[in-house]
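Subject: Structure for you to look at

Hi,

Here is the structure I promised to pass on. Have a look at it first, and then read my notes underneath.

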Amino acid sequence: MPKIIVAHYFQETNSFHPNPTAYEDFGVTRGEDLISDGRGVVNGAVDQFAKRSDVEIVPTYGAGMGAGGTITHECFEQISSECLEAIQQNSAGADALYFSMHGAMAADIEKDPEGYMLQEARNILGPDVPIVISLDMHGTVTRRMLRNMQGASILHTYPHIDWYETGERAATMLLSILDGAKPVIASVYTPTMVRGDELKTATGVHGTFIRHLERLEERDDVLAGGIMLGHPPTDCPEQGSRIIIVTDNNRELAEREALRIGQNFWDMRERMQCVLYSVEEAIENAKKANGSVVFSDAADATSSGSPGTSNDILKGFLKSDYTGRVLFPIRDEPAVKRAMEAGIGSTITVPLGGTKDSRFTPIEVEVTVEVLSLRGDVPIAVLRAGNITIVAATQGGILCDRWMYTELGQEPKTFDVIIQKLPHTPLEYYDEWAVRNMTIDVPGAASPNIKTLGHEIVPRPIYPLDEDMTFTPEVEVFEQAEK
């Protein structure tokens, strides 16, 4: 009976977030708690393994969170040692390891945590035990990672809606390897940092690449295909995009397809940049719109590791003569606390913005407290400042949740402008009914205006920091020892 170890090591690092990530920010699970019911990537893999009666599934350790600042060295050492110890304790007789990872982790000292973990897991398990990983597409696959794994299953959708399916694909690949498949990994790196609407799978050019990869994956001799887009807010030595094709003993096919997609990806690098609007331009466009308009504050997107405390768009509306209804979210613990103390119906003056990011200076705003609520354990206050409805929360992650607005009595469809602290959202969130969605060029830790982020570690030259660079894609092949 094949024994498959399962582990989870997951965070999306934003190197420009002003606050570091500590151990307490991670959710740590052990043993069976790692595979509790759900539709996440680990559940997809485990459910696929469980379809085989001849497989023993051994969940070991998970450390996971969403997006946040650079991981402290102490935190990195603790979660890494705990995870590796759990793998070590269950390594006797292990036949394979499935490792759920993100691809965009970075710590104070170790800038390739996933590569480190795969290398150490390989040292524990030896050269013959296959390791397959799953990844978010917004990350970097390093050569150290490629040397220490047999395959990777990468998210195919953006916005991300295929976590469970990505786990299923990883498990299917690993089972195929255990059944005798001989994985060959062909990979093409391109020095590109990309952001923008063209990355949306349903409508953008990136989706055309993904659909080609999905057709490839229908072949019996193709185990996996995917694209790591890179994650521009992660300042790391191998930042960039990477095509990965995994075949069953078909090196020629893997090389040909990886190189073809890699060349096409490089050729499309300029198109895969974000179209940006100043706050003033966007407000003028909103005045002319015949319906609801979305302003994307991608620079302060909490889903991309920003704090959620930017007030630049709010400042723009307060200075403008715009009279339509505006829905504006922000993370601001002091403002929520002040509203809670004052109570519903009170009119108070509160400083808003910049509480977790010194880029932004708080602004004094007179507001009426309309709603006070808890979503889970997160306090929320709905504040009204003239035509602007401000939804203030004490945590940034909740700002990604459109559905909370309706629960608070604020239906987004009834507003003329909705600000989202997200780069993009699933279609049903806004785009299926909004008449326009504009990405706003304001400062922030996740700014899609990539040149403004302040990279110091990424390889140079790299596009778009070096617009006039030349580059010829080349294929690299990684073949591990057969079991």
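Let's start with helix α7, where L253, A254, E257, A258, I261, G262, F265 and W266 are buried. Keep in mind as you read that this is a predicted model. If the spacing of those numbers looks odd, here's some help: an α-helix has 3.6 residues a turn, so residues three or four places apart point the same way. What do the buried residues of α7 pack against? Their partners are the helix α6 (205-217) and the strands β7 (183-190), β8 (222-228), β9 (241-248) and β19 (475-478).

You can also check the length of α7 yourself. The helix covers residues 251-267, which is 17 residues, and at 1.5 Å a residue it should span 24 Å. Its end C-alpha atoms are 24 Å apart, so the two agree.

Next, the nonpolar cores. The largest one has 86 residues, and the members that touch the most others are F49, I79, L97, F99, I133 and L135. Helix α2 (residues 73-89) gives this core its largest share, 7 residues. Try clicking on I79: leaving out residues up to four places away in sequence, I79 touches Y9, Y23, F26, Y61, A63 and M105. There's a second, separate core too, with 35 residues, including A299, L352, I388 and V417.

Now for the empty space. The largest pocket has a volume of about 660 Å³. Which residues lie nearest its centre? Those are Y158, H160, W163, S303 and L422, out of the 28 residues that line this pocket. The elements giving two or more residues to the lining are β1 (3-13) and β3 (56-68). Sorted by class, the lining of the largest pocket comes to 13 nonpolar, 11 polar and 4 charged residues.

The second largest pocket holds about 460 Å³ of space. It has 22 lining residues, and H17, M65, A67, R331 and Q395 are the closest to its centre. You'll meet β3 again here, as it gives the most to this lining, with 4 residues. The classes in the lining of the second largest pocket are 6 nonpolar, 13 polar and 3 charged.

How many cavities of 30 Å³ or more turn up in a search of the whole structure? The search finds 1. The largest cavity has a volume of about 40 Å³, and its lining is made of R195, G196, C274, S296, A298, P423, H424, T439 and P448. That lining divides into 4 nonpolar, 4 polar and 1 charged.

Finally, two loop residues to find on screen. D136 is in the loop between β5 (131-135) and α4 (143-147). Is D136 buried or exposed? Its relative accessible area is 3%, and buried means under 20%, so D136 counts as buried. Outside its neighbours within four places in sequence, D136 is in contact with E12, M101, H102, I154, L155, H160, W163 and M228. Take E12 from that list: D136 and E12 are 124 residues apart in sequence, and 9.0 Å apart in space from C-alpha to C-alpha.

The other one is R460, in the loop between β18 (436-440) and β19. R460 touches L465 and D466, again not counting residues up to four places away in sequence. From C-alpha to C-alpha, R460 and E238 are 9.9 Å apart in space, with their positions 222 residues apart in sequence.

Cheers

How values were computed:
Residues are numbered from 1 along each chain as its sequence is written. This is a predicted model: local features need pLDDT of at least 70, side-chain atom pairs count only at pLDDT 80 or more; totals for chains, interfaces and linings use all residues. Side-chain values use heavy atoms; hydrogens and water are left out. The expected span of a helix is 1.5 Å times one less than its number of residues. Buried means under 20% relative accessible area, exposed over 50%, partly exposed in between (1.4 Å probe, protein chains only). Contact means heavy atoms within 4.5 Å. A nonpolar core is a set of buried Ala, Val, Leu, Ile, Met, Phe, Trp, Tyr and Cys residues joined through side-chain atoms within 4.5 Å. On a 1 Å grid over the protein atoms alone, a cavity is a set of points where a 1.4 Å probe fits but cannot get out, and a pocket is an open set with protein on both sides within 12 Å along at least five of seven lines; lining residues have an atom within 4 Å of a point. Grid points are joined across faces, edges and corners, and a volume is the space filled by probe spheres set on the points. Ala, Val, Leu, Ile, Met, Phe, Trp, Tyr, Cys and Pro count as nonpolar, Asp, Glu, Lys and Arg as charged, and the others, Gly among them, as polar.
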